[in-house]
Amino acid sequence: MSTEPELLILGGGCAGLSLAMQLAALGRDCPRTVIIEPRTVYANDRTWCFWGTPAAPLADLSCHQWSTMMVRAGRKIAFVDCAAMPYRMIAAADFYAAAQRAIAANARITIAAGERVTTAPVKRNGRWQVITSGASYSAATVVDTRPAAPAEPGGATLWQSFSGVEIDCDEAVFDPACVDLMDFSLKDTGRIQFVYVLPLTARRALIEVTVFDPMPLAAAGLADALEQAVAARVHGLTYQVRRAEQGILPMGAMAPAAPVDPDYVRAGLGNGAARPSSGYAFQRIQRWAAGCAARVTAGQPLQGHVADPFLLQAMDQLFLSVLTAQPASAPALFVALFGQPDAARVLRFLSDEGTLTDYLALIAALPARPFLQQIPATLQRVLRQRRMASA
Ligand SMILES: Cc1cc2nc3c(=O)[nH]c(=O)nc-3n(C[C@H](O)[C@H](O)[C@H](O)COP(=O)(O)OP(=O)(O)OC[C@H]3O[C@@H](n4cnc5c(N)ncnc54)[C@H](O)[C@@H]3O)c2cc1C
């Protein structure tokens, strides 16, 4: 392939590869594309979970799914029946392999593996010049999915920091039918902290500790809590760690930088992909990637993640404002949210499929006072973010 592609994708992670899969499916209509990715080998470095029917994008890659889950805070437990929209898990290794197969099947896309973008791309004579550790490229369009700014205080309303291990226990200790979505039983630290358990079999589970806090936390800062969480689950039995995963996700990130140029598109986790109230991004990335391919077919320019509707933004930001102002109330709020009579409403809401009736039911399930108190500051913040995004 020429080193003069039509499209350069910077970063071959979830967003870059999802876009590449969608473009590869266009066959001869796929723009000549190079993906620049520092990795030469893709490790099974994470799992992606989401609620989805079999029709959800990439649902066929799921390695596991659950129909029940619970949220617990002390004696209060909300059981959630999610059979209609199961909680699915995709192993990163399966996703990366599927993406590489799709790319290999279309000669118009290649991955420049082992190459890292080293300087800020510049536009010269109508084309973007990108210098990497191994070559220089020029293309009409760039999709930049590299991580945005590093996680730091003030970079998001809250940071979702988590660290977990997938373990094999010597005896059956897990209930493989039920996910522990949020278990607030850890020692009180004054911050929002819970255990998340994905039981893969009766002996194998992914156990994670998650903190929602204005300060991002490295995995080392979660090590004690993770040890405590694992100990509480294995009841003194021996176990082996199969792999570990950790991350820091923005919840209510500041507005992504305004596009520098219509031919320079930013996407991915730090650029509007993460749902503010959950940090989940996988399905939103899939929808964005499919939308980009549709735009190519229609002869339209690519675009980044579209801002959420005002009402959804306001609800997410209001929820985050309450969590920030009153972290001690979080366990009860989450139990109330997931424990409301029709749990499908909250699942649709978290999956960007909520209706106005769902929104109203969620509002009715939560105590009014803390939310009313946060409305003025939240509205100001959402309007400021929208102004920045459209500037
Ligand atoms: C451990 C973990 C678990 C998660 N679980 C879930 C989940 O269950 N559900 C959910 O919806 N979301 C989840 N997320 C959030 C989100 O879906 C993922 O972070 C997702 O990988 C984001 O995709 P991305 O393409 O923006 O970033 P990444 O997948 O991180 O891709 C960014 C890419 O940019 C590359 N890169 C970096 N620097 C350069 C450079 N200089 N030049 C070129 N390339 C560069 C990187 O190598 C990487 O491949 C999880 C995140 C993590 C970290």
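What follows is a conversation about a predicted model, taking its helices, strands and one residue in turn.

Visitor: What makes Val197 buried rather than exposed?

Guide: A residue counts as buried if 20 or more other C-beta atoms lie within 10 Å of its own. Val197 has 22 within that distance, so it is buried. Val197 lies in strand β15, residues 192-199.

Visitor: Which residues does Val197 touch, leaving out those up to four places away in sequence?

Guide: Val197 touches Val179, Asp180, Ala205, Ile207 and Arg233. Pro370 is another matter: it stands 173 residues from Val197 along the chain, and the C-alpha atoms of the two are separated by 29 Å.

Visitor: Why is α1 said to be largely enclosed by the rest of the structure?

Guide: Because 11 of the 11 residues of α1 are buried. Among them are Cys14, Gly16, Ser18 and Gln22. The buried residues of α1 pack against β1, β2, α2, β8, β12 and α4.

Visitor: Why are α1 and α4 called oblique to each other?

Guide: Their axes cross at roughly 40 degrees. Angles under 35 degrees count as roughly parallel and 65 to 115 as roughly perpendicular, so a value of roughly 40 falls in neither class and is oblique. The axes come within 8 Å, and the crossing is right-handed.

Visitor: Which residues form the contact of α1 with α4?

Guide: Cys14, Ala15, Ser18, Leu19, Gln22 and Leu23 in α1 meet a set in α4 that includes Phe282, Ile285, Ala289 and Val296. By class, this contact has 11 nonpolar, 3 polar and no charged residues.

Visitor: How does α1 meet α2, and in a left-handed or a right-handed crossing?

Guide: α1 passes α2 in a left-handed crossing. The axes of α1 and α2 (residues 92-104) come within 9 Å and cross at roughly 40 degrees. Leu17, Ala20, Met21 and Ala24 in α1 meet Tyr96, Ala99, Ala102 and Ile103 in α2. The residues of this contact divide into 8 nonpolar, no polar and no charged.

Visitor: What is the order of the strands in the open sheet of 5 strands?

Guide: The order is β8-β2-β1-β12-β18, with parallel pairing.

Visitor: Why do β8 and β18 stand at the edges?

Guide: Each of β8 (109-113) and β18 (264-266) has a single partner strand, so one side of each is left without a neighbour in the sheet. Neighbouring strands of this sheet are turned by 20 degrees against each other on average, direction ignored.

Visitor: How do you know that β2 and β8 pair?

Guide: Two strands pair if there are at least two bridges between them. β2 (residues 33-37) and β8 are joined by 5 bridges and run parallel, so they pair. Glu37 has Ala113 in β8 as its bridge partner. Helix α1 packs on this sheet, touching β1, β2, β8 and β12, and its direction makes about 160 degrees with that of β2.

Visitor: What makes β10 and β11 a pair as well?

Guide: The cut-off is again at least two bridges, and 4 bridges join β10 (residues 127-131) to β11, which run antiparallel. One bridge partner in β11 is Ala139, which is matched with Trp128. A hairpin of 4 residues joins β10 to β11.

Visitor: Which residues of β11 are on its covered face, and which on its uncovered one?

Guide: Tyr137 and Ala139 make up the covered face of β11 (residues 136-139), while Ser136 and Ser138 make up the uncovered one.

Definitions and conventions. Residues are numbered from 1 along each chain as its sequence is written. This is a predicted model: local features need pLDDT of at least 70, side-chain atom pairs count only at pLDDT 80 or more; totals for chains, interfaces and linings use all residues. A residue is buried if 20 or more other C-beta atoms lie within 10 Å of its own, exposed if 12 or fewer, and partly exposed in between; C-beta atoms are placed from the backbone. Helices (H or I, at least four residues) and strands (E, at least two) are DSSP runs, numbered from the N terminus. Axes are lines fitted to C-alpha atoms, for helices over the stretch in contact, and angles run from 0 to 180 degrees between N-to-C directions. Two residues are in contact if their C-beta atoms, placed from the backbone, lie within 7 Å. A crossing is left-handed if the near helix is turned anticlockwise from the far one by less than a right angle, and right-handed if clockwise. Ala, Val, Leu, Ile, Met, Phe, Trp, Tyr, Cys and Pro count as nonpolar, Asp, Glu, Lys and Arg as charged, and the others, Gly among them, as polar.
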